[in-house]
Amino acid sequence: MAGIAILLDLYQKKPSFCSPQSFHSSGLFSASAAAASAAATVAAGTPFASSYPKVSHCDAGAVLPEHYISNTQRSSEDFFKNDALKYSVKEYKIELKPLFSAFELRPFALTTLRSFLLFYLPLLEPSLNIEEDEEDFPQDSTEERHVDLVVPLKKSVKQIIRETTVVTTRRILERLAVIYVSQRMAWKLLKDVPKSAVRKSQRGMPATVYFFRVSRTTFRGHLLGVTAAWIVQTGIEIYRCFSRITNSDESDEANVTVRAKLLGKKISGITIRCGASLIFASIGAGICATLFRPSVGQWIGCAAGDLAGPIIVSVCLEKVFHVDL
């Protein structure tokens with residue numbers, strides 16, 4: 001009521017106040033005046049206690065239908081289920097081979113065949129050369145040729161024992177890696193490298209990236225095998241050194257010092273050869289997997305690099321630094 005009284009008082013004093021032009025030209029009736037009048041009207045019409053905001057309470061759960069609640073729960077469950085599938089933790093499946101897998105029929109037969117061919121094939125080369133010389137220069141008297149077959153047999157048996165020991169040592173290192181190394185690193189060390197090369201080839205990587213990835217995977221997968229070979233060869237050299245010291249008649253300190261230096265030189269040579277084998281095997285696997293089929297190329301490159309690496313490094317050290325490994 002107070003607002004209406006103010007407006008009537010202004011109209012009596014100035015009748016042109018309420019004309020249409022006054023709303024645009026006159027600055028007396030502004031937004032603040034209208035707001036003040038409206039606030040005064042509301043304040044005059046309502047008591048003081050009722051000026052506070054009113055809060056009403058209701059039970060919303062009683063109004064919602066049951067199917068709405070069930071649909072909400074179902075949608076939330078589907079959301080969290082899909083989110084869990086999207087961000088699931090990667091599982092590393094580690095498959096350990098048997099501890100004495102080197103003594104199974106197929107691996108043991110291949111090891112035996114390779115060892116016998118390694119030491120018996122060189123015996124055929126001199127006889128072939130002699131037969132060619134006899135055809136060119138025939139001789140009346142034929143001399144009997146005695147070929148010692150016992151020494152190659154002993155070397156073949158030693159080679160078989162050495163290779164089976166290396167494989168068994170690798171199986172032990174694999175189990176130690178599973179126990180003392182993280183699951184992710186153990187999975188990388190025990191990964192099937194040819195299958196991994198095939199999976200990487202299906203991702204559409206550039207050639208350089210694919211070469212680097214396969215070489216890195218081969219390095220990790222070949223590491224335990226090279227470490228096992230290093231342990232076995234080092235153990236053999238240590239055994240030979242101590243056996244020579246104990247069986248030698250000269251037991252003075254000079255002899256022990258010479259034997260110790262010789263042992264250190266041999267262990268250094270073994271370390272260099274094993275490192276070269278690991279590096280060249282990784283590089284060869286990457287190159288052959290990039291140029292040829294991934295699985296077969298990786299296997300051939302790894303075997304070729306493992307065989308050629310120590311030879312290349314030995315020749316380079318002998319030619320450049322005059323060091324005999």
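What percentage of the 325 residues in the protein chain is made up by buried residues? In this predicted model, buried residues account for 22% of the chain. The secondary structure comprises 12 helices and zero strands, so that the pattern read along the sequence is α-α-α-α-α-α-α-α-α-α-α-α. Of the contacts in the protein chain with a separation of 6 or more, 76% involve residues 24 or more positions apart. The chain exposes about 24000 Å², and carbon and sulfur atoms supply 64% of that area.

The surroundings of Tyr210 were examined in detail. Tyr210 is located in helix H10, which spans residues 207-247. With a relative accessible area of 6%, under the 20% cut-off, Tyr210 is classed as buried. Apart from neighbours within four places in sequence, the residues in contact with Tyr210 are Ala197, Lys200, Ser201, Met205, Ala289, Thr290 and Pro294. Thr290 lies 80 residues from Tyr210 along the chain, yet the C-alpha atoms of the two residues are separated by 7.1 Å. A polar atom of the Tyr210 side chain is placed 3.0 Å from the backbone oxygen of Ala197.

Salt bridges were considered next, and the count comes to six. One of them pairs the side chains of Arg170 and Glu174, with an N to O distance of 3.4 Å. Because Arg170 and Glu174 are four residues apart in helix H7 (residues 150-180), about one helical turn separates them. The partners differ in exposure class: Arg170 is partly exposed at 24% relative accessibility, whereas Glu174 is buried at 6%.

Helix H10 also contributes to salt bridges through Glu237. The closest N and O atoms of Arg240 and Glu237 are 3.6 Å apart in one such bridge; both residues lie in helix H10, three residues apart, which is about one turn of the helix. Arg240 is partly exposed, with 34% relative accessibility, while Glu237 is buried, with a relative accessible area of 14%. Glu237 additionally forms a salt bridge with Lys266, in which the closest N and O atoms are 3.6 Å apart. This pair links distant parts of the chain, as Glu237 belongs to helix H10 and Lys266, 29 residues away, to helix H11 (residues 253-291). Lys266 counts as partly exposed at 28% relative accessibility. Elsewhere, Arg170, Arg171 and Glu174 are joined into one network by salt bridges that share partners.

Note on methods: Residues numbered from 1 in each chain as written. Predicted model: local features only at pLDDT ≥ 70, side-chain atom pairs only at ≥ 80, totals over all residues. Heavy atoms only, no water. Helix = DSSP H or I, 4+ residues; strand = E, 2+ residues; numbered from the N terminus. Buried < 20%, exposed > 50% of the residue type's maximum accessible area, 1.4 Å probe, protein only. Contact = heavy atoms within 4.5 Å. Areas by Shrake-Rupley, 256 points an atom, 1.4 Å probe, with all protein chains shown as cover. Polar contact = N/O pair within 3.5 Å; in protein donor to acceptor, adjacent residues only side chain to side chain. Salt bridge = Lys/Arg side-chain N within 4 Å of Asp/Glu carboxyl O.
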